[in-house]
Amino acid sequence: MSVEITWWGHATATVRDSGVTLLTDPLFARRLAHLRRRRGELPPDSVAEVDAVVVSHLHADHLHPRSLARLAPGTRVLVPRGALAAVAGLRRLRGRLRVEEVGVGDRVRVGELTVRAVPAAHDGRRLPVARHRAPALGYVIEGEARTYFAGDTGLFDAMAEEVGAVDVALLPVGGWGPYLGEGHLDAGRAAEALARLSAACAVPVHYGTYWPIGLDAVRPHEFHSPGDEFARLAARTAPASAVHRLGHGESIRLGLGAVG
């Protein structure tokens, strides 16, 4: 069995499995509010030609309506339940895209794949003072391989139980600023998550792409080092798991044995 992963930067990745192509948390912007893209070219237009998209939560660097608007008409977009009520820009896309709300435990068939929504320990509000809420999600993409896209999450006690057995884990290892708040994985916590999940392979994401304007010199190691630091710590914490640190736009095809 095999799966191909391409990392485009931040939490945006393409997962190809069983002849189906899925895109995670698409963000095709050089600038987002106070953030600018400091590394990696924007994904080419062809990246928007996919079978389905999964969106993990409502934060603007994960649910970005202008990026979703680049998708081909009729593309399926899975979002957390409550997202349509919370995000006006998403509602405006509903007639052009097939927006489907899902909750923890839901299973959606996409071609030969099954996409299963799993919980995430992260603030699901669009804004800190927002009235509408939608729970943050992760997704397990089940085909020839089982690929876990964590979205944004902190560690939580039932992580291994809720996610289940997986071959590949796309894990956030950093963020877009000098400091990480609650509900995030840094390199060390991501290594612990990998140990709990016992995935055969891991790809670090959500680091080294966006950074606040004017803060380039503030704790720059939090921008540059999380991928390498995750690989170093995972070698000690989860030695049976192989870490594949991708550059922006880089792909890897993983041939994997069956998961028990």
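Which residue forms a salt bridge with Arg 38? I started my notebook with that one, and I found Asp 216 as the partner, with the closest N and O atoms 3.9 Å apart. I then looked up where the two sit. Asp 216 is in the loop between β15 (210-212) and α6 (221-224), while Arg 38 is in the loop between β5 (35-37) and β6 (52-54). That puts them 178 residues apart, so I noted a link between distant parts of the chain. For exposure, I got 28% relative accessibility for Asp 216, which counts as partly exposed. Arg 38 comes out at 27% and counts as partly exposed too.

A reminder to myself before going on: this is a predicted model.

**Entry: the whole chain**

I stepped back to get my bearings. I counted seven helices and 17 strands in the protein chain. The radius of gyration is 17 Å, and the globule rule gives 18 Å for 260 residues, so I wrote the chain down as being as compact as a globular protein of that length. I also looked up the box that the C-alpha atoms fill, and along the principal axes it is roughly 50 × 45 × 35 Å.

Next I checked burial, and 55% of the 260 residues count as buried. The accessible surface comes to about 10,500 Å², and carbon and sulfur atoms hold 49% of it. For contacts, I took those with a separation of 6 or more, and 66% of them are between residues 24 or more positions apart.

**Entry: more salt bridges**

How many salt bridges does the structure hold? I found 14. One of them joins the side chains of Arg 253 and Glu 4, at 3.4 Å from N to O. This pair also links distant parts of the chain, with Arg 253 in strand β17 (residues 250-255) and Glu 4 in strand β1 (residues 2-9), 249 residues apart.

Is Glu 4 buried or exposed? I read a relative accessible area of 17% for Glu 4, and it is buried because that falls under 20%. Arg 253 is exposed, at 52%. I also noted that Glu 4 and Arg 253 belong to a network of salt bridges together with Arg 16.

Then I turned to a pair within one helix. The side chains of Glu 229 and Arg 232 meet in a salt bridge, at 2.7 Å from N to O. Both lie in helix α7 (residues 226-237), three residues apart, which is about one turn of the helix. I jotted down their exposure as well: Glu 229 is partly exposed with a relative accessible area of 29%, and Arg 232 is partly exposed with 47%.

**Entry: His 184**

Where is His 184 placed? I traced it to the loop between β13 (168-172) and α5 (187-197). His 184 has a relative accessible area of 17%, and I listed it as buried because the cut-off is under 20%.

I wanted to know what surrounds it. Setting aside neighbours within four places in sequence, I found His 184 in contact with His 122, Asp 152, Thr 153, Gly 154 and Arg 189. I looked up a polar pair here too: a polar atom of the His 184 side chain lies 3.1 Å from the backbone oxygen of Glu 182.

Methods:
Residues are numbered from 1 along each chain as its sequence is written. This is a predicted model: local features need pLDDT of at least 70, side-chain atom pairs count only at pLDDT 80 or more; totals for chains, interfaces and linings use all residues. Side-chain values use heavy atoms; hydrogens and water are left out. Helices (H or I, at least four residues) and strands (E, at least two) are DSSP runs, numbered from the N terminus. Buried means under 20% relative accessible area, exposed over 50%, partly exposed in between (1.4 Å probe, protein chains only). A polar contact is a pair of N or O atoms within 3.5 Å; within protein, one must be able to donate a hydrogen and the other to accept it, and residues adjacent in sequence count only if both atoms are side-chain atoms. Contact means heavy atoms within 4.5 Å. A salt bridge is a side-chain nitrogen of Lys or Arg within 4 Å of a carboxyl oxygen of Asp or Glu. The radius of gyration is taken over C-alpha atoms; the globule rule is 2.2 Å times the number of residues to the power 0.38. Accessible areas come from the Shrake-Rupley method with a 1.4 Å probe; for residues, only the protein chains shown count as cover.
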